[in-house]
Amino acid sequence: MFTGLVALSLADFQSAKSEMMEMERNSSNDQLVSAAQVIAEYLQLNRYRCLRQYKLSDNPTCGDRADTFPKLTVATNEFLNTPYANLPLSSRRIEIINWDPQNSGGTRGLLSLATEDGNQKKDFYINFGDGGQRSSISDESQSRT
Amino acid sequence: MQLTEVLVAVAIFSIPLTSTVQLASQKHLNDKNQFSSQYLAKAIERDRLAIQTAWVQLTPTTCPKLRGPEDMQTAAQAVPVSSGLRREVRILDDQGKELFGQTVYTGKAVWVRWSSSDGTLLRQRLYTPMGLGLCW
């Protein structure tokens, strides 16, 4: 009986551990979605709009102020961490690992984000609502752990 | 049988008995906590889908339209929250960030935070009108 209860307790521990990992994964996923929303907002702004036309690997600089994707990453992390800097949920930093424009006009693109530890990655299709079209972000892709 | 032998025997048998009772109560507590967190996780997911459904029914406007986040907050507040769950919808008014010697702005956004009834933060997610397709 004693051994049985020890085994049950170990099973409970494993279950609780899995649950913690699931919560951790949800938290990372939420942060990636939040980051994608902010990056989409930034890319909508005149200041960063020119970046939409280039791939991340092109290492583009736009305008007199040399706006770049790395600068956008920093801006996004700063923005995400502004209101809740002390909360563990906001502590993971996000990296833009790819931006792939899906057309020459820069109105649609595939944004790939990852947590800085590389444990979670997610892709988003972003449609910019230029020309009176409704904008959207698709986070349908499955995250990989 | 001498008294000492009885006492030793009692001591030997009482150790696993006490441990068994402690483990059983611990297991019961774990089961209860597990059920509670699973219930809350599902309630949060249902709540998230409910408020997003309310948001996508809002009328799209020109981006950046400053009214968007206020409308989102009002629409979210009209959606009832499950028992045992707290939802906070806060408008984040970006005051600009000083980066590389320049001030960078983005639009207003909405932070949604879900907490348990004792105030423990469970999830938080940021939403913007642009991300929800509410502007062009």
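On the far side of H2(B) from its buried residues, B:Glu70 and B:Thr74 are exposed. That is a handy way into this predicted model, starting with the helix itself. The buried residues of H2(B), which spans residues 68–77, are B:Gly68, B:Pro69, B:Met72 and B:Ala76. These four take up an arc of only 90° around the axis, and therefore sit on the same side of H2(B). The general background is simple: an α-helix has 3.6 residues a turn, so residues three or four places apart point the same way. As for what H2(B) packs on, the helix lies across S1, S4 and S5 of chain B, and runs at about 170° to S1(B).

Those three strands make up a sheet of their own. The sheet is open, has the order S1-S4-S5 in chain B, and pairs in the antiparallel sense. Its edge strands are S1 (85–92) and S5 of chain B, each of which pairs on one side only. From one strand to the next, the twist averages 15°. S4(B), covering residues 109–116, and S5(B) are joined in antiparallel fashion over six bridges. Within that pairing, B:Arg113 stands opposite B:Gln124 of S5(B).

Past the sheet comes the tail end of the chain. B:Leu134 is found in the segment after S5(B), the strand of residues 121–127. Is B:Leu134 buried or exposed? Since the threshold for burial is 20 or more other C-beta atoms within 10 Å, B:Leu134 counts as buried because it has 25 C-beta neighbours inside 10 Å. Setting aside neighbours within four places in sequence, B:Leu134 is in contact with B:Leu58, B:Pro60, B:Thr61, B:Gly68 and B:Pro129. One of these partners, B:Gly68, is also among the buried residues of H2(B). With B:Gln77, B:Leu134 has a sequence separation of 57 residues and a C-alpha to C-alpha distance of 18 Å.

Taken as a whole, chain B has two helices and five strands, laid out along the sequence as α-α-β-β-β-β-β. Of its 136 residues, 24% count as buried. Among the contacts in chain B with a separation of 6 or more, 54% are between residues 24 or more positions apart.

Now for chain A. Here the tally is three helices and four strands, and the pattern along the sequence reads α-α-α-β-β-β-β. The buried share is 30% of 145 residues. Residues 24 or more positions apart supply 44% of the chain A contacts with a separation of 6 or more.

Helix H3 of chain A runs through residues 69–81, 13 residues in all, and reaches 18 Å from first C-alpha to last, close to the 18 Å expected at 1.5 Å a residue. Which residues of H3(A) are buried? They are A:Phe69, A:Lys71, A:Leu72, A:Ala75, A:Thr76, A:Phe79 and A:Leu80. Their arc around the axis is only 165°, so they lie on the same side of H3(A).

The chain A sheet is also worth a walk-through. Four strands form an open sheet in the order S1-S2-S3-S4, with antiparallel pairing. S1 (94–101) and S4 (136–138) of chain A stand at the edges with a single partner strand each, so one side of each has no neighbour in the sheet. Neighbouring strands here are turned by 25° against each other on average, direction ignored. S1(A) and S2(A), the latter covering residues 108–115, pair in the antiparallel sense over seven bridges. On the S2(A) side, A:Gly109 is the bridge partner of A:Pro101, and A:Leu110 is that of A:Asp100. The two strands form a hairpin with six residues between them, and A:Gly106 in the turn has a positive phi of about 70°.

What about the nonpolar interior? The largest nonpolar core holds 41 residues, of which A:Ala35, A:Ala36 and A:Ile39 touch the most other members. H1 of chain A (residues 2–44) gives the most to this core, with eight residues. Leaving out neighbours within four places in sequence, A:Ile39 is in contact with A:Leu72, A:Thr76, A:Ile96 and A:Leu111. Two of these partners, A:Leu72 and A:Thr76, appear among the buried residues of H3(A).

Methods:
Residues are numbered from 1 along each chain as its sequence is written. Chains are lettered from A and ligands numbered from 1 in the order in which they are written. This is a predicted model: local features need pLDDT of at least 70, side-chain atom pairs count only at pLDDT 80 or more; totals for chains, interfaces and linings use all residues. A residue is buried if 20 or more other C-beta atoms lie within 10 Å of its own, exposed if 12 or fewer, and partly exposed in between; C-beta atoms are placed from the backbone. Two residues are in contact if their C-beta atoms, placed from the backbone, lie within 7 Å. The expected span of a helix is 1.5 Å times one less than its number of residues. The arc is that of the directions from the helix axis to the C-beta atoms. Two strands pair if DSSP finds at least two bridges between them. Axes are lines fitted to C-alpha atoms, for helices over the stretch in contact, and angles run from 0 to 180 degrees between N-to-C directions. A nonpolar core is a set of buried Ala, Val, Leu, Ile, Met, Phe, Trp, Tyr and Cys residues joined through C-beta atoms within 7 Å.
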